[in-house]
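The exercises below ask the reader to work through one structure step by step, each task being followed by a worked solution. Please keep the sequence and the coordinates at hand while reading.

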Amino acid sequence: MMTFGALGLVLGPWVQSDLFSVPGLILHLSATIWLLIKVVKPLWGERSTWSAGMLHLVTAYAWILAPVMVAPLIILGVPGFPGAGIEQNAPQALIYGWVLQFGSAIIRWCSDACSRPKRRPSSVAIGSA
């Protein structure tokens, strides 16, 4: 779902048609929300499974939601909305924000795996000590 949404978001500007962009935006947004729900819902009552790594992963995907919520304003060309400036600067902030959060979780998970080779780190409690 997320891949098809991203494909629509990429194809839309290339073919200069909202017929790809709008469904792509809806697919990507709904897939990201679905992903967050699937990650957070099982862990909601299990405070022991929340770790720094899990918080980094949830924050990384929540970070992606903010610009996706603003994207319709850019795509539809709402007057008074500085779409061009946002389009120029947003990719770096998005990618670095997501990569840093996701990378922090993965680095913690890998260091935990290397420091305790006999115990396999849990995929649920990423980054737990």
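**Exercise 1. State what share of the residues in the protein is buried, and describe its overall make-up.**

Solution. Buried residues, meaning those under 20% relative accessible area, whereas exposed ones are over 50% and partly exposed ones in between (1.4 Å probe, protein chains only), make up 26% of the 129 residues in the protein. This is a predicted model, in which local features need pLDDT of at least 70 and side-chain atom pairs count only at pLDDT 80 or more, while totals for chains, interfaces and linings use all residues. Residues are numbered from 1 along each chain as its sequence is written, and side-chain values use heavy atoms, with hydrogens and water left out.

The next step is the secondary structure, where helices (H or I, at least four residues) and strands (E, at least two) are DSSP runs numbered from the N terminus. The protein has four helices and zero strands, and its elements follow the order α-α-α-α from the N terminus on. The accessible surface, from the Shrake-Rupley method with a 1.4 Å probe and, for residues, with only the protein chains shown counted as cover, comes to about 8600 Å², and 71% of it belongs to carbon and sulfur atoms. Finally, among contacts (heavy atoms within 4.5 Å) between residues at least 6 apart in sequence, 58% join residues at least 24 apart.

**Exercise 2. Compare the span of helix α1 with the expected one, and find which of its residues are buried.**

Solution. The expected span of a helix is 1.5 Å times one less than its number of residues. The 14 residues of α1 (residues 2-15) should therefore span 20 Å, and the end C-alpha atoms are indeed 20 Å apart. The buried residues of α1 are Gly5, Gly8 and Gly12. They lie on the same side of α1 because they cover an arc of only 55° around the axis, the arc being that of the directions from the helix axis to the C-beta atoms. Thr3 and Trp14, on the other side of α1, are exposed. The cover over the buried residues of α1 includes α2.

**Exercise 3. Locate Gln16 and say what sign its phi has.**

Solution. Gln16 belongs to the loop between α1 and α2, and with 73% relative accessibility this residue counts as exposed. Phi of Gln16 is near 50°, a positive value in a residue other than glycine. As a general background, most residues other than glycine have a negative phi.

**Exercise 4. Characterise α2 by its span, its start and its buried polar residues.**

Solution. From first C-alpha to last, the 26 residues of α2 reach 38 Å, which is close to the 38 Å expected at 1.5 Å a residue. At the start of α2, a side-chain oxygen of Ser17 comes to within 3.1 Å of the backbone nitrogen of Leu19.

The buried residues of α2 include Ser21, His28 and Thr32, which may be taken in turn. Ser21 is buried at a relative accessible area of 4%, and its C-alpha is 8.3 Å from that of Gly5, although the two are 16 residues apart in sequence. His28 is buried at 13%; neighbours within four places in sequence aside, His28 is in contact with Met2, Gly5, Ala6, Leu9, Ile64 and Val68. Thr32 is buried at 0%, and, with the same neighbours left aside, Thr32 is in contact with Met2, Tyr61 and Leu65.

**Exercise 5. Which residues make up the largest nonpolar core, and which helix gives the most to this core?**

Solution. A nonpolar core is a set of buried Ala, Val, Leu, Ile, Met, Phe, Trp, Tyr and Cys residues joined through side-chain atoms within 4.5 Å. The largest one has 12 residues: Leu25, Leu29, Leu36, Val40, Leu43, Met54, Val58, Tyr61, Ile64, Leu65, Val68 and Ala71. Helices α2 (18-43) and α3 (52-75) each supply at least two of its residues, and α3 gives the most, with seven. As an example of a core residue, Leu29 touches Leu65, Val68 and Met69, residues up to four places away in sequence not being counted.

**Exercise 6. Is Trp109 buried or partly exposed, and in which helix is it?**

Solution. Trp109 is in helix α4 (residues 83-115), and its relative accessible area of 31% makes this residue partly exposed. Trp109 and Met54 are 55 residues apart in sequence, with their C-alpha atoms 9.9 Å apart in space.

Technical notes. A polar contact is a pair of N or O atoms within 3.5 Å; within protein, one must be able to donate a hydrogen and the other to accept it, and residues adjacent in sequence count only if both atoms are side-chain atoms.
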